[in-house]
Amino acid sequence: MKTTDFIDTPCWNRGQGVEESFQNLLKGKGIKYRPATLEEQYKHYDYITDRGTIDVKARKRIRRNDNTEQDELVWLEFKNIHGSRGWLASDVDYIAFERENDFVIVRRIYLYEMAVKKCDLDDRVTRSSEALYKGYQRKGAQDLISMIKMQDVLGLQAVQIIDK
């Protein structure tokens with residue numbers, strides 16, 4: 001699989017729409033920003049702002065066959081599908097999680113530190129629905145992901161919530 005094979009897939013298009021929604025919030029708040037270049041996107045940056053770099057995460061389903069996205073659980077990517085450093089272990093400053101009515105913005109390093117303590121990545125599960133605080137690897141991928149509760153994110157210091 002080439003690194004550009006995901007472009008123009010339903011998942012890609014959904015993410016682009018969420019990023020555009022977030023960009024409108026940046027404009028509305030008067031925050032100076034620019035969209036990341038393709039090279040910067042490989043570093044997990046979506047926006048470069050006068051306050052730091054931001055990676056925007058769309059709402060996710062728990063399982064691929066679920067019909068709707070949800071706000072209670074958050075997927076975390078320790079390693080990407082190629083086995084390289086995932087977005088949680090990247091150098092991006094902030095993660096902006098989309099929810100139905102707002103975005104939750106958190107410093108990535110605080111999220112990473114909490115996730116390393118809460119998630120037992122050596123306790124591997126084979127079904128995504130069992131990945132809460134455990135390690136999960138998708139079939140055919142070299143990733144390492146886990147799930148935490150959104151409440152865990154909201155409990156971190158300096159969390160900011162911005163209405164859509």
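Let me begin with Asp152, which counts as buried, because its relative accessibility is 14% and the cut-off for buried is under 20%. Please keep in mind throughout that we are looking at a predicted model.

What does the side chain of Asp152 meet in a salt bridge? The partner is the side chain of Lys118, at 3.5 Å from N to O. This pair links distant parts of the chain, since Asp152 sits in helix 4, residues 150–154, while Lys118 sits in helix 3, residues 108–118, and the two are 34 residues apart. Lys118, for its part, is partly exposed, with a relative accessible area of 41%, so here a buried Asp152 is paired with a partly exposed Lys118.

That bridge belongs to a wider set, as the structure holds twelve salt bridges, and I would like to take you through two others.

One of them joins the side chains of Lys164 and Glu98, at 2.8 Å from N to O. Lys164 lies in the segment after strand 10, which covers 160–163, and Glu98 lies in strand 5, residues 94–98, so the pair ties together parts that are 66 residues apart in sequence. Is Glu98 buried or exposed? At 9% relative accessibility, Glu98 counts as buried, whereas Lys164 is partly exposed, with a relative accessible area of 44%.

The other is formed by the side chains of Arg127 and Glu130, which meet at 2.7 Å, again from N to O. Arg127 counts as exposed, because its relative accessibility is 51% and the cut-off for exposed is over 50%, while Glu130, at 30% relative accessibility, counts as partly exposed.

Let me now turn from the salt bridges to a pocket. The second largest pocket holds about 210 Å³ of space, and it is lined by 14 residues, of which the closest to its centre are Arg51, Ile54, Tyr94, Ile105 and Gln160.

Which elements supply at least two residues each to this lining? They are helix 1, at 10–29, strand 3, at 52–57, strand 6, at 102–107, and strand 10. Among the contributors, strand 6 gives the most, with three residues. As for the character of the lining of this second largest pocket, its residues divide into nine nonpolar, three polar and two charged.

Strand 10 is a useful place to finish as you look at the model, for strand 10 supplies at least two residues to the lining of the second largest pocket, and Lys164, in the segment after strand 10, is tied to Glu98 in strand 5.

Methods. Residues are numbered from 1 along each chain as its sequence is written. This is a predicted model: local features need pLDDT of at least 70, side-chain atom pairs count only at pLDDT 80 or more; totals for chains, interfaces and linings use all residues. Side-chain values use heavy atoms; hydrogens and water are left out. A salt bridge is a side-chain nitrogen of Lys or Arg within 4 Å of a carboxyl oxygen of Asp or Glu. Helices (H or I, at least four residues) and strands (E, at least two) are DSSP runs, numbered from the N terminus. Buried means under 20% relative accessible area, exposed over 50%, partly exposed in between (1.4 Å probe, protein chains only). On a 1 Å grid over the protein atoms alone, a cavity is a set of points where a 1.4 Å probe fits but cannot get out, and a pocket is an open set with protein on both sides within 12 Å along at least five of seven lines; lining residues have an atom within 4 Å of a point. Grid points are joined across faces, edges and corners, and a volume is the space filled by probe spheres set on the points. Ala, Val, Leu, Ile, Met, Phe, Trp, Tyr, Cys and Pro count as nonpolar, Asp, Glu, Lys and Arg as charged, and the others, Gly among them, as polar.
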